[in-house]
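Reader: I am new to this structure and would like to go through it slowly, with the reasoning set out beside each answer. Please begin once the sequence and the model are in view.

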Amino acid sequence: MKYNVVNRGDEISIQLMHTFHSLIQRFGLTQDEENPDIVLSIGGDGTLLHAFHRYKEQLDHIAFVGIHTGRLGFFADWKPDEVELLAQLMGESAQQDDLRVVKYPLVEIQITTQNGIETELALNEFTLKGVDATLVAELHINDELLETFRGDGICISTPSGSTAYNKSLGGAIVHPSLDAIQIAEIASINNRVYRTLGSPILLPKHHHCDIYPRASQNIILSLDHVYMQRNDVLSIRSMVAAGKKVKFARFRPFPFWSRVREAFIGYDML
């Protein structure tokens, strides 16, 4: 089994990386930056997002696992003082050829311009915002007009990303076993002239949402941590990515709702 480590670049993360390299050697795993089977992310959720986008063309054979060295890691569920246990369990899994994974859905984005269609993937969310004015765009669900949006922007998240930006927008937390995407408005304008639904929307797989920004409007698109400014977008289609999921290696049970409780509530019970 081959592995690679992506770290945040701070002193603690770099030291943990060196520690992991020395611990994993006795199990015969080899480091391979180009074609790993497991990618270990050491840092925070942002580090894991970087790792995902670095290896997004190899999702069919790569599984991710994370050690968080900050205050909160939703994807990175191992703690720094557990690096020895993680190395041991990963090594034993490799020796037994028994790698257990969970699979989470992704959102696929198709950006249409005069030059053609660009296809992207996001692990957490895709957002669309106006640059120098409020965003004006039509939203179509399955080729039917739903609303004309005016406001700060639109966020489309995966179930695993539902606990990120989507949650701060009042969106629902969605279990990642559900193949769905969620559409949440960012500060929409609602008055006698402009009217939107005003509630988050869940779309199942095989459904799609098309966003048609006002012509030549300056907009900022974000795919997780990647930002780009555009004024050439004709339409953007969002849907559950077909046949593509991200895999996370599970060397011990960590139920999703336990992860939610630890991240947002804590374990101190009355």
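Reader: Which word fits Gln-217, buried or exposed?

Author: Gln-217 lies in the loop between strand E12 (208-213) and strand E13, where helices (H or I, at least four residues) and strands (E, at least two) are DSSP runs numbered from the N terminus. The choice of word depends on relative accessible area, found with a 1.4 Å probe on protein chains only: under 20% is buried, over 50% is exposed, and anything in between is partly exposed. Because its relative accessibility is 8%, Gln-217 counts as buried.

Reader: What kind of model is this, and at what pLDDT do side-chain atom pairs count?

Author: Residues are numbered from 1 along each chain as its sequence is written, and side-chain values use heavy atoms, with hydrogens and water left out. The model is predicted, so that totals for chains, interfaces and linings use all residues and local features need a pLDDT of at least 70, whereas side-chain atom pairs count only at pLDDT 80 or more.

Reader: Which residues does Gln-217 touch, apart from those up to four places away in sequence?

Author: A contact here means heavy atoms within 4.5 Å. With residues up to four places away in sequence not counted, Gln-217 touches Thr-134, Leu-135, Val-136, Arg-230 and Asn-231.

Reader: Which word fits Thr-196, buried or exposed?

Author: Thr-196 is in the loop between E10 and strand E11 (201-204). Leaving aside neighbours within four places in sequence, its contacts are Glu-147, Thr-148, Phe-149, Arg-150, Glu-185, Ser-188 and Asn-190. Since its relative accessible area is 8%, Thr-196 is buried.

Reader: How many cavities of 30 Å³ or more are there, and what is the volume of the largest cavity?

Author: A probe the size of a water molecule, rolled over the atoms, shows where empty space is left. On a 1 Å grid over the protein atoms alone, a cavity is a set of points where a 1.4 Å probe fits but cannot get out; grid points are joined across faces, edges and corners, and a volume is the space filled by probe spheres set on the points. By this rule there are three cavities of 30 Å³ or more, and the largest has a volume of about 50 Å³.

Reader: Which strand gives the largest share of the lining of the largest cavity?

Author: Lining residues have an atom within 4 Å of a point, and for the largest cavity they include Leu-146, Glu-147, Ile-154, Ile-183 and Glu-185. Strand E9 (144-157) and strand E10 (180-188) each supply at least two residues of this lining. The largest share, three residues, comes from E9.

Reader: How many disulfides does the structure hold?

Author: A disulfide is a pair of cysteine sulfur atoms within 2.5 Å, and the structure holds zero of them. Cys-155 is in no disulfide, and its nearest cysteine sulfur, that of Cys-209, is 12 Å away. Cys-155 counts as buried because its relative accessibility is 0%, and Cys-209 counts as buried because its relative accessibility is 0%. The number of disulfides is therefore, by the cut-off of 2.5 Å, zero.

Reader: On which side of H5 do its buried residues lie, the same or opposite?

Author: The buried residues of helix H5 (residues 256-264) are Phe-256, Arg-259, Val-260 and Ala-263. They cover an arc of only 100° around the axis, so they lie together on one side of H5, the arc being that of the directions from the helix axis to the C-beta atoms. In an α-helix there are 3.6 residues a turn, so residues three or four places apart point the same way. The side on which the buried residues of H5 lie is thus the same.

Reader: With which residue does the side chain of His-225 make a polar contact?

Author: His-225 is in the loop between strand E13 (219-223) and strand E14 (226-230), and it is partly exposed because its relative accessible area is 26%. A polar contact is a pair of N or O atoms within 3.5 Å; within protein, one must be able to donate a hydrogen and the other to accept it, and residues adjacent in sequence count only if both atoms are side-chain atoms. Not counting residues up to four places away in sequence, His-225 touches Leu-49, His-50 and His-53. The side-chain polar contact, of 3.2 Å, is with His-50.

Key. 1 Å grid on protein atoms, 1.4 Å probe; cavity = no way out; pocket = protein on both sides within 12 Å on 5 of 7 lines; lining within 4 Å.
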